[in-house]
There are 2 protein chains.
Amino acid sequence: MDTRFPDLRRFGGADAFLQVCKPRTVLDIFTGKWAGLVMGALLDGPRRFNELRRMLDGITQKMLSQTLRTLERDGLVTRTVYPTIPPRVDYELTALGHSAVDVLRAIGVWAGEHADQVLAAREAYDERAKEPVEMVSRA
Amino acid sequence: MDTRFPDLRRFGGADAFLQVCKPRTVLDIFTGKWAGLVMGALLDGPRRFNELRRMLDGITQKMLSQTLRTLERDGLVTRTVYPTIPPRVDYELTALGHSAVDVLRAIGVWAGEHADQVLAAREAYDERAKEPVEMVSRA
DNA sequence: CTGAATCCTACTGGATACTG
DNA sequence: CAGTATCCAGTAGGATTCAG
């Protein structure tokens, strides 16, 4: 989901979305599978790599590593290396990262409040699909 | 980005995200490439298929059709068919859909306000990557 | 411990052509 | 007009292996 600048040229109505045109690339921050969870795991302070891995049970090293690198690149997380043996690396949310978490929280709240409605709608829809079919192709 | 229920079992810290566990499936609403834009196009009232297609310049029939069907399934949009000739179909946001748009707007606002910071951070990061490299592997 | 590199699969989204 | 069906490319994400 990206294709780099598919770019949503002008946008008909909805002024609120005009600003989404350029910042669209930034939206990827919220679309990844893990980015939100990783930031959530950093809410309480700095964490080490394996600490995060344990918190996000189910994530692979690759995805954690990849996600962290992206978050760092986007300025949402800082990475601090302690040149000790064994090496130790701490990750921490930046101010920007915290502001992003607020948005994630808003999304989470909406999802929490409306999940039932959405799921019910889905069930109803899928149910209707299996129905009588009415339009019998009577030969 | 889905794999249906990868399911984020328990979640270490961040209480705010606990509720994301079950409703995670609902989050897909915001992750699609077009869902947000389509809902945005419906803000001012009902629209017909081709009307939407023109507003969302760049979208293909397939994606518009697919997106609308998903939105309908999730109860965010209603679909009304007028059995006239030629056929006419109207799409309109439901109350649930409108509430979702509010969240989308919040995301858009954040993106608009912080896009510059993120993009600057990215540039800086990419710049550093090309640097001296310091750690010369001196034989 | 903290990653990077490789391989592999499934899904998203686009182009094109056809139907009621 | 409002779709559906088919084919195709790019990519996200997982498993596994290797390295500093």
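## Salt bridges

Counted over all chains of this predicted model, the structure contains 10 salt bridges. One of them joins the side chains of E51(A) and R47(A), with a nitrogen-to-oxygen distance of 3.0 Å. In chain B, the side chains of E51(B) and R47(B) likewise meet in a salt bridge, again with 3.0 Å from N to O. The glutamate of the chain A pair, E51(A), has a relative accessible area of 26% and is therefore classed as partly exposed. For E51(B) the relative accessible area is 26%, so this residue also counts as partly exposed.

## A salt bridge within helix α5

Another salt bridge in chain A links the side chains of R105(A) and D102(A), where the N to O distance is 3.6 Å. Both R105(A) and D102(A) belong to helix α5 of chain A, which covers residues 95–130, and they are separated by 3 residues, or about one turn of the helix.

How accessible are the two partners, buried, partly exposed or exposed? R105(A) has a relative accessibility of 32% and is partly exposed, while D102(A), with a relative accessible area of 47%, is partly exposed as well. Both values fall in the partly exposed class because that class lies between the limit of 20% for buried residues and the limit of 50% for exposed ones.

## The protein surface around DNA strand C

DNA strand C is surrounded by 19 residues, and the closest of these come from both protein chains: N50(A), R79(A) and Y91(A) from chain A, with K33(B) and K62(B) from chain B. Of the atoms of DNA strand C that come within 4 Å of the protein, 67% belong to sugar and phosphate. By residue character, the surface near DNA strand C is made up of 8 nonpolar, 5 polar and 6 charged residues.

## Contacts with phosphate oxygens

Several side chains place a polar atom beside the phosphates of DNA strand C, including those of R79(A), K33(B) and R48(A). For R79(A), an N or O atom of the side chain is 2.2 Å from a phosphate oxygen of the strand, and for K33(B) the corresponding distance is 2.4 Å. In the case of R48(A), a polar side-chain atom lies 3.1 Å from a phosphate oxygen of DNA strand C.

Which elements give two or more residues to the surface near DNA strand C? In chain A they are α3 (49–55), α4 (61–73) and β3 (88–93), and they are joined by α4 (61–73) of chain B.

Definitions and conventions. Residues numbered from 1 in each chain as written. Chains lettered and ligands numbered in written order. Predicted model: local features only at pLDDT ≥ 70, side-chain atom pairs only at ≥ 80, totals over all residues. Heavy atoms only, no water. Salt bridge = Lys/Arg side-chain N within 4 Å of Asp/Glu carboxyl O. Buried < 20%, exposed > 50% of the residue type's maximum accessible area, 1.4 Å probe, protein only. Helix = DSSP H or I, 4+ residues; strand = E, 2+ residues; numbered from the N terminus. Near = heavy atom within 4 Å. Polar contact = N/O pair within 3.5 Å; in protein donor to acceptor, adjacent residues only side chain to side chain. Nonpolar A, V, L, I, M, F, W, Y, C, P; charged D, E, K, R; others polar.
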